[in-house]
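The following exercises practise the reading of a protein structure, from strand pairing to the surroundings of bound molecules. Please attempt each task before studying its solution.

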Amino acid sequence: MAQIDRLFSEIDPDSGTFSFDENVARVFDDMISRSVPLYADVQRSVPMLAGLLDHDPIRVIDLGCSTGTSLIHLSAMLPQRNLELIGVDNSQPMLDQCEEKLESLDLPHRIETVCDTVQSFEFENASVVLMNYTLQFVPEGDRPALLSRIRDSIRPGGFMLISEKVAHEQATMDDALVELYFEYKRRQGYSELEISRKRDALENVLIPLTTDQNLELISDAGFARAEVLLKWFNFATFLCRV
Ligand SMILES: Nc1ncnc2c1ncn2[C@@H]1O[C@H](C[S@+](CC[C@H]([NH3+])C(=O)[O-])CC(=O)[O-])[C@@H](O)[C@H]1O
Ligand SMILES: O=C(O)C(=O)Cc1ccccc1
């Protein structure tokens, strides 16, 4: 079980730049569910959308799988389907938490995890590629080639589901959306100190693009259709079909 996220609550001279280390991994499930609006809805949408496919097997690659939440949902919600579930993450501490969760559950499918970067991991024949809140951590210059590789790996009928924190092209509107997001975090029990320290730690680590920039990248990668499936102020989920 993830511990309560109090990572940024005390002044700690060691913590500067955000990274997916042991300290983050230990609290990650609590951190992401309290920090990402619509997170539970995105997770629920994964088996709903994958379950619509007539692929057999349904092969799902989760890029930036963290503690395996989406893959676990898929297995639990689609017990009768033939699923191949593969999670990729370059943080071993996150994958250790994932393994711990998998050991405590009795799931109907095997979930394979791979410690690698999404830029170098090679995969093919995917029904579904998930990339929820992960592209924002990939250097901007690497994003076009990664999206093209994902596009080329997806079988006819399949899709990519991608969620991102998004920026607004207009600075005043962007400031307003960020303030609304900080209000959301206050309602989730985070203090001013925790909010501002995490904002500083994420600077130059989490680099959001605008909704239109993301749609353009997705289209340039060769996806036939992309639509905004869910949106909460500065968070968006894109359904991208081949
Ligand atoms: N280049 C990279 N290569 C591989 N993994 C990476 C890379 N950069 C970051 N990661 C990994 O991407 C994950 C991002 S979290 C995803 C949540 C999950 N999808 C969820 O739906 O619960 C989102 C967040 O923390 O905001 C972390 O586990 C990183 O280690
Ligand atoms: O907390 C934030 O500011 C976020 O953008 C969400 C988040 C969630 C988990 C790790 C990093 C960022």
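**Exercise 1. A hairpin**

Task: Which residue of strand E7 is the bridge partner of valine 228, and in which sense do strands E6 and E7 run, parallel or antiparallel?

Solution.
- Step 1. Valine 228 has phenylalanine 238 in E7 as its bridge partner. The model examined here is a predicted one.
- Step 2. E6 comprises residues 225-232 and E7 residues 235-241; seven bridges join these two strands, and they run antiparallel.
- Step 3. Two residues lie between E6 and E7, and the strands form a hairpin.
- Step 4. In the turn, phenylalanine 233 has a positive phi of about 40 degrees. With 17 C-beta neighbours inside 10 Å, phenylalanine 233 counts as partly exposed.

**Exercise 2. An enclosed strand**

Task: Determine how many residues of strand E1 are buried, and describe the strands with which E1 pairs.

Solution.
- Step 1. A residue is buried if 20 or more other C-beta atoms lie within 10 Å of its own.
- Step 2. In E1, residues 58-63, six of the six residues are buried, so the strand is largely enclosed by the rest of the structure.
- Step 3. Ile58, Val60 and Asp62 point one way from E1, while Arg59, Ile61 and Leu63 point the other way; all are buried.
- Step 4. E1 pairs in the parallel sense with E2 (residues 83-89) over six bridges. Within this pairing, leucine 63 stands opposite valine 88.
- Step 5. Between E1 and E2 the chain passes through helix H3 (residues 69-77), and this β-α-β crossover is right-handed.
- Step 6. E1 also runs parallel to strand E4 (residues 126-132), to which three bridges join it. Here aspartate 62 stands opposite leucine 130.

**Exercise 3. Unusual backbone angles**

Task: Which peptide bond is cis, and what is the phi of asparagine 125?

Solution.
- Step 1. Most residues other than glycine have a negative phi, and most peptide bonds are trans.
- Step 2. The bond from aspartate 56 to proline 57 is cis, with omega near 5 degrees. Proline 57 belongs to the loop between H2 and E1.
- Step 3. Asparagine 125 has a phi near 60 degrees, a positive value in a residue other than glycine. This asparagine is located in the loop between E3 and E4, and its 13 C-beta neighbours inside 10 Å make it partly exposed.
- Step 4. A glycine may be added to the list: just after H6, glycine 189 takes a positive phi of about 95 degrees.

**Exercise 4. The span of a helix**

Task: What span should helix H6 have at 1.5 Å a residue, and how far apart are its end C-alpha atoms?

Solution.
- Step 1. H6 covers residues 171-187 and has 17 residues.
- Step 2. The expected span is 1.5 Å times one less than the number of residues, which means 24 Å for H6.
- Step 3. The end C-alpha atoms of H6 are 24 Å apart, which agrees.

**Exercise 5. Surroundings of the ligands**

Task: Which helix gives the most residues to the shell around ligand 2, and which residues come nearest to ligand 1?

Solution.
- Step 1. Ligand 2 is surrounded by Met31, Ile32, Ser35, Val36, Lys165, Lys198, Leu202 and Leu206.
- Step 2. Helices H1 (22-35) and H7 (192-202) each supply at least two residues of this shell; H1 gives the most, with three.
- Step 3. Sorted by class, the shell of ligand 2 has five nonpolar, one polar and two charged residues.
- Step 4. One of its members, valine 36, is found in the loop between H1 and H2. Valine 36 and tryptophan 232 are 196 residues apart in sequence, yet their C-alpha atoms are 9.4 Å apart in space.
- Step 5. Around ligand 1 there are 19 residues, of which Phe20, Gly64, Asn90, Ser91 and Tyr133 come nearest. The shell of ligand 1 divides into eight nonpolar, ten polar and one charged.

**Exercise 6. Annotated positions**

Task: Which residues does the UniProt annotation "binding site" cover, and is glycine 64 buried or exposed?

Solution.
- Step 1. According to the unreviewed UniProt entry, the "binding site" annotation covers Tyr39, Gly64, Cys65, Ser66, Asp89, Asn90, Asn132 and Arg199.
- Step 2. These residues span 161 residues in sequence, and the farthest two C-alpha atoms are 22.8 Å apart, so they do not all gather at one spot.
- Step 3. Glycine 64 lies in the loop between E1 and H3. With 23 C-beta neighbours inside 10 Å, glycine 64 counts as buried.
- Step 4. The same entry type, unreviewed, gives "domain: Methyltransferase" for residues 60-158. This span is 33% helix and 28% strand, and its end C-alpha atoms lie 10 Å apart.

Key
Residues are numbered from 1 along each chain as its sequence is written. Chains are lettered from A and ligands numbered from 1 in the order in which they are written. This is a predicted model: local features need pLDDT of at least 70, side-chain atom pairs count only at pLDDT 80 or more; totals for chains, interfaces and linings use all residues. A residue is near a molecule or strand if its C-beta atom, placed from the backbone, lies within 6 Å of it. Helices (H or I, at least four residues) and strands (E, at least two) are DSSP runs, numbered from the N terminus. Ala, Val, Leu, Ile, Met, Phe, Trp, Tyr, Cys and Pro count as nonpolar, Asp, Glu, Lys and Arg as charged, and the others, Gly among them, as polar. A residue is buried if 20 or more other C-beta atoms lie within 10 Å of its own, exposed if 12 or fewer, and partly exposed in between; C-beta atoms are placed from the backbone. Two strands pair if DSSP finds at least two bridges between them. A crossover is right-handed if, with the strands pointing away from the viewer, the path from the first strand over the helix to the second runs clockwise. UniProt positions are given in the numbering used here, feature names are shortened, and annotations may be inferred rather than shown by experiment.
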